[in-house]
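The exercises below are meant to be worked through with the coordinates open. Each one sets a task and then gives a solution in steps.

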Amino acid sequence: MLIKKPSDIKPSEITDQKHYQGRRKFIQAGVGLAGAAMVPGLWLPPAVQAAREKLAGVKASAFSAKEKPTSYKDVTSYNNFYEFGTAKSDPVKYAHTLKTSPWTLTVEGEVNKPGQYHLEDLVKASTLEERIYRFRCVEAWSMVIPWVGISLADMLKRFEPGSRAKYVEFTTLYDPKQMPGQKRRVLDWPYVEALRIDEAMHPLSIMAVGLYGEVLPNQNGAPLRLMVPWKYGFKNIKSIVKIRFTEKMPRTTWAVSAPREYGFYANVNPTVNHPRWSQARERIIGSGSIFTKRQKTQMFNGYAEQVASLYAGMDLRKNF
Amino acid sequence: MNSLWIRLLKPSVFLLCLVPFVYLLVGVFTESLGANPVEYLAHRTGDWSLRFLLIVLAVTPLRRISGWTSLLKIRRMLGLFAFFYVSVHLLVYAVLDLGLDWGHLAEDILERPYITIGFTAWVLLIPLAVTSTNAMMRRLGRRWKRLHQMVYLIAILGVVHYWWLVKKDIQEPVIYAVIYLILMLMRVRNKTSKHR
């Protein structure tokens with residue numbers, strides 16, 4: 001009997017990755033037909049395959065991270081968006097009921113130009129930039145996401161905030177018909193988040209309207225969501241319909257819901273643990289192998305150089 | 001006919017109990033467990049741990065209601081499967097999630113109450129698994145039953161462990177807790193009616 005040693009395999013015999021993947025897709029399709037129930041998560045939910053629209057005139061940004069972005073599929077099928085259900089697989093299945101156009105943004109509070117703004121006009125007036133940002137969820141997992149967005153500072157300045165505008169509060173749409181998850185009072189709807197005005201005006205802060213060069217999918221917070229990359233994911237409020245400028249610190253949804261666990265600042269900080277779990281490390285999201293190790297979480301999610309000065313002299317244990 | 005049924009009962013239940021495990025294994029090998037496969041494995045094995053603990057607790061009330069005594073023949077196997085799934089759950093967490101970082105594991109067990117509770121439940125299951133043989137049953141006599149009543153405590157530890165770890169939506173842990181309460185109430189009622 002002839003036993004082949006590994007070195008006996010000629011390079012030409014090794015399946016090219018392209019063919020290998022193609023073959024695997026073919027096999028998976030076959031397996032799927034034979035018994036989809038045996039292979040968890042095999043079928044792409046329909047919303048992932050929904051019409052994808054390219055964004056034109058997107059400029060690259062020097063603020064982009066160097067890490068390799070998480071796959072489009074993972075970014076768009078593993079989401080926390082309780083307005084569509086509390087399971088991470090819910091938003092991709094149910095977010096298609098959200099109607100994102102036309103979309104009006106209400107601006108109020110300590111501001112010279114309050115009123116109703118069409119989202120289209122606001123986006124047209126600004127430059128679309130691709131910002132590849134690290135994304136760290138408070139649940140200790142992370143992604144790298146190529147957002148397309150506009151500078152939040154540019155947008156807010158257009159409303160001419162007054163001298164008493166110390167905070168900016170954002171509110172998500174409340175409409176249980178479009179957002180079926182709101183029928184259950186898991187959180188105190190509508191979702192509210194806020195930033196200190198200097199945080200909001202920081203050059204890293206953006207309003208995202210796209211992903212991977214395309215219009216933002218509903219499950220990722222279409223048509224307009226906040227993206228402040230040095231804070232935990234839940235700060236980055238989705239599907240925003242209202243911006244209010246205030247003098248007092250606004251009450252934000254998670255901080256109200258569990259004040260011991262979620263603070264107003266929610267800056268990524270590996271030295272301050274969540275009361276129930278460690279924040280020192282994070283799991284990198286990516287389909288496939290179960291043998292990927294956790295990586296260390298960085299202070300301010302790796303943006304300390306740019307943002308640490310915002311919190312000079314503050315006790316970050318108290319202001320978590 | 002009856003004896004054939006009894007003979008087939010054990011192997012078929014055995015295979016049935018393995019289905020969730022095989023399903024997850026297929027997912028691992030086809031890399032189709034989604035964006036966070038380790039979390040998926042941890043959650044699904046956790047679900048099945050709780051389900052098996054409750055299934056074991058359901059054996060006695062079901063036997064009383066149905067009068068179907070052959071249920072007792074599979075009780076030990078169901079209990080061992082509960083231990084199996086809890087062990088796999090712990091392994092997924094310690095090996096895949098923490099990468100066998102002992103320092104991190106110790107910190108989690110000591111400092112995070114929901115992990116302390118889950119770990120305690122697994123430790124308490126060990127003596128039950130060890131004493132599940134016929135020889136041990138004979139050796140322990142009356143004390144065997146007392147020891148194995150510890151499963152009432154273990155199941156509630158499992159429910160609390162789950163309840164404590166969810167971020168906000170406690171719907172599922174509540175369902176497990178309600179089933180647990182029903183199964184326990186059925187026991188209490190049976191006991192009190194016996195005494196009367």
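**Exercise 1: a sheet in chain A**

Within β11(A), I243(A) is the bridge partner of F170(A). The model is a predicted one, and the tasks that follow should be read with that in mind.

Task: determine which residue in β11(A) is the bridge partner of V107(A), and establish the order in which the strands of the open sheet are arranged.

Solution. Step one is to look up V107(A), whose bridge partner in β11(A) is I243(A). Step two is to describe the two pairings of β11(A): strand β2 (residues 104–109) of chain A pairs with strand β11 (residues 240–246) of chain A in the parallel sense over four bridges, whereas strand β6 (residues 167–172) of chain A is joined to β11(A) by six bridges and runs antiparallel to it. A further position to inspect is G109(A), which stands opposite F245(A) in β11(A). Step three is to place these strands in the sheet, an open one of five strands in chain A with the order β3-β2-β11-β6-β7 and mixed pairing. Its edge strands, β3 (115–118) and β7 (192–196) of chain A, each pair on one side only, and the twist from one strand to the next averages 20°.

**Exercise 2: a helix pair in chain B**

Task: decide whether α2(B) and α8(B) are roughly parallel or roughly antiparallel to each other.

Solution. Step one is to take the geometry: helix α2 (residues 37–66) of chain B and helix α8 (residues 150–165) of chain B pack at an angle of about 150°, and their axes are 10 Å apart. Step two is to apply the cut-off, since angles over 145 degrees count as roughly antiparallel; α2(B) and α8(B) are therefore roughly antiparallel to each other. Step three adds the handedness, for the crossing of α2(B) and α8(B) is left-handed. Step four lists residues that meet, including G46(B), L50(B) and L57(B) in α2(B), and V151(B), G158(B) and Y162(B) in α8(B).

**Exercise 3: cores and the chain contact**

Task: find which strand gives the most to the largest nonpolar core.

Solution. Step one is to consider the core itself, which has 74 residues, and in which W147(A), V168(A), M207(A), A208(A) and V209(A) touch the most other members. Step two identifies the strand: β5 (residues 141–151) of chain A gives the most to this core, with six residues. Apart from it lies another core, of 34 residues, with V56(B) and F83(B) among them. Step three turns to the contact between the chains, where 21 residues of chain B are in contact with 24 residues of chain A; α1(B) gives the most to the side of chain B that touches chain A, with four residues.

Notes
Residues are numbered from 1 along each chain as its sequence is written. Chains are lettered from A and ligands numbered from 1 in the order in which they are written. This is a predicted model: local features need pLDDT of at least 70, side-chain atom pairs count only at pLDDT 80 or more; totals for chains, interfaces and linings use all residues. A nonpolar core is a set of buried Ala, Val, Leu, Ile, Met, Phe, Trp, Tyr and Cys residues joined through C-beta atoms within 7 Å. A residue is buried if 20 or more other C-beta atoms lie within 10 Å of its own, exposed if 12 or fewer, and partly exposed in between; C-beta atoms are placed from the backbone. Two strands pair if DSSP finds at least two bridges between them. Axes are lines fitted to C-alpha atoms, for helices over the stretch in contact, and angles run from 0 to 180 degrees between N-to-C directions. Angles under 35 degrees count as roughly parallel, over 145 as roughly antiparallel, 65 to 115 as roughly perpendicular and the rest as oblique. A crossing is left-handed if the near helix is turned anticlockwise from the far one by less than a right angle, and right-handed if clockwise. Two residues are in contact if their C-beta atoms, placed from the backbone, lie within 7 Å.
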